[in-house]
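Please open the structure in your viewer and keep the selection tool at hand. The tour below goes from one selection to the next and says what is found at each stop.

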Amino acid sequence: MARIERVEIRMVDLVPKVKRTDAIQSFVSQETPIVTITDSDGAVGTGYSYTIGTGGSSVMRLLNDHLAPRIIGQDADRIEAIWHDLEFYTHATTIGAITAIAIAAIDTALWDLRAKKQGLPLWKLAGGAKDRCPLYTTEGGWLHIEPEALVEDALAAKAKGFTGSKVKIGKPHGSEDVKRLEAVRKAVGDGYEIMTDANQGFRVDEAIRRAERLRDLDLAWIEEPIAADDIDGHVRLSNSTPTPIAIGESLYSIRHFREYMQKGACSIVQVDVGRIGGITPWLKVAHAAEAFDIPVCPHFLMELHVSLTCAVPNGKYVEYIPQLDEITGKHMVIEEGHALAPSEPGIGIDWDWDEVKRRSIDEFTRTIVTREA
């Protein structure tokens, strides 16, 4: 039995490559907590999560003061037990983003450690359903981008073999959203998917109204149309439109997903490793979705989600938003619009440790080691 002997925590702040705006916010900074765990055999695993610019310092304090010390001395291969222990230990602060983001970094590091020790890539260890998944792109569809540029980006993605493009919606008047989407549909034709994302920008009645205006565009889905915790509102919306409704990036519990699926409040699940609390609960949500015949199209984190999307049979798409290029060596491999599952043991991320350390914020860099007897 190999016990956890050392936990290193650090945070890197990454600036998005392009301006990112949606109906409610701008994504100007990506705080990236990184956790590295070493066991008594000398094996090492690394995990990470993210914020979109706020809360990173709170995540790091939670890791340093509470979570990392708690896992010292535990059996590194008892991932399920560790995850449930951390969830119960933080029950007074759950369910929410700060706690989920912190636990996710630890849980992902443990899965990386296990996969490396078994000599398997994560996608095989977690299920091995397929070795590649189709991509759709979000980077050229932000809300501030003019229709001409939306069209140019979608055509470029289509030429590369991508399955679709996501276009943000939530302009002040519905006619503006319609104009943008009509321009893209006219340019790409009927054989290319158009995803949309409202980022919780509408109230229920307005979401129903706009979905009706957009129904003839044959959208792949409308993502987060209303407040993520309004399940009954999502039921109303889902019952009012044939367009699939996608949810998940702002849900932090497997039970929240269960309620959505049981009530027929969604038709696409976008469970996010960083928001749900790690790989352990991510797989539970994905398998539950399979039982409801619902596809999984995870939000963000493409470098990690490619492995998980390939692990499960109902994994449908990977969202193309480059995240880690500046702190990794080998990047995600793309062939004919498909993301290929990494072949290396572990979660498949080739960290450039010199660059990671150079960009790490000293204030949040800590090492927790085995306590003396």
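Are helices α1 and α2 roughly parallel or roughly antiparallel to each other? Bear in mind while you look that this is a predicted model.

**First stop: two helices.** Select residues 56-71, which form helix α1, together with residues 79-89, which form helix α2. Two packed helices are described by the angle between their axes and the distance between the axes. Here the angle is about 150°, and the axes lie 11 Å apart. Angles over 145 degrees count as roughly antiparallel, and α1 and α2 are therefore roughly antiparallel to each other. If you turn the view so that one helix lies in front of the other, you can follow how α1 passes α2 in a right-handed crossing.

Now show the side chains where the two helices touch: on the α1 side select His-66, Leu-67, Arg-70 and Ile-71, which meet Ile-82, Asp-85, Leu-86 and Tyr-89 of α2. Of the residues in this contact, five are nonpolar, one is polar and two are charged.

**Second stop: an open sheet.** Next, select the four strands that form an open sheet, in which the order is β3-β2-β1-β13 and the pairing is antiparallel. The strands at the edges are β3, at residues 44-48, and β13, at residues 366-369; each has a single partner strand, so one side of each is left without a neighbour in the sheet. Neighbouring strands in this sheet are turned by 15° against each other on average, if direction is ignored.

To look more closely at one pair, keep β13 and strand β1 (residues 4-14) on the screen; these two run antiparallel and are joined by four bridges. One position to label is Arg-6, whose bridge partner in β13 is Val-369.

**Third stop: a covered strand.** Finally, select residues 164-168, which make up strand β5, and ask how many of its five residues are buried. The strand is mostly covered, for five of its five residues are buried. In a regular strand the side chains alternate between the two faces of the sheet. In β5, Gly-164, Lys-166 and Lys-168 point one way while Ser-165 and Val-167 point the other way, and all are buried.

Add strand β4 (residues 132-137), which pairs with β5 in the parallel sense over two bridges, and find Thr-137, whose bridge partner in β5 is Ser-165. Then add strand β6 (residues 193-197), which pairs with β5 in the parallel sense over five bridges; here the bridge partner of Lys-168 is Asp-197 in β6.

Conventions. Residues numbered from 1 in each chain as written. Predicted model: local features only at pLDDT ≥ 70, side-chain atom pairs only at ≥ 80, totals over all residues. Heavy atoms only, no water. Pairing = 2+ DSSP bridges. Axes fitted to C-alpha atoms, helices over the stretch in contact; angles between N-to-C directions. Parallel < 35°, antiparallel > 145°, perpendicular 65-115°, else oblique. Left-handed = near helix turned anticlockwise from the far one by under 90°. Contact = heavy atoms within 4.5 Å. Nonpolar A, V, L, I, M, F, W, Y, C, P; charged D, E, K, R; others polar. Buried < 20%, exposed > 50% of the residue type's maximum accessible area, 1.4 Å probe, protein only.
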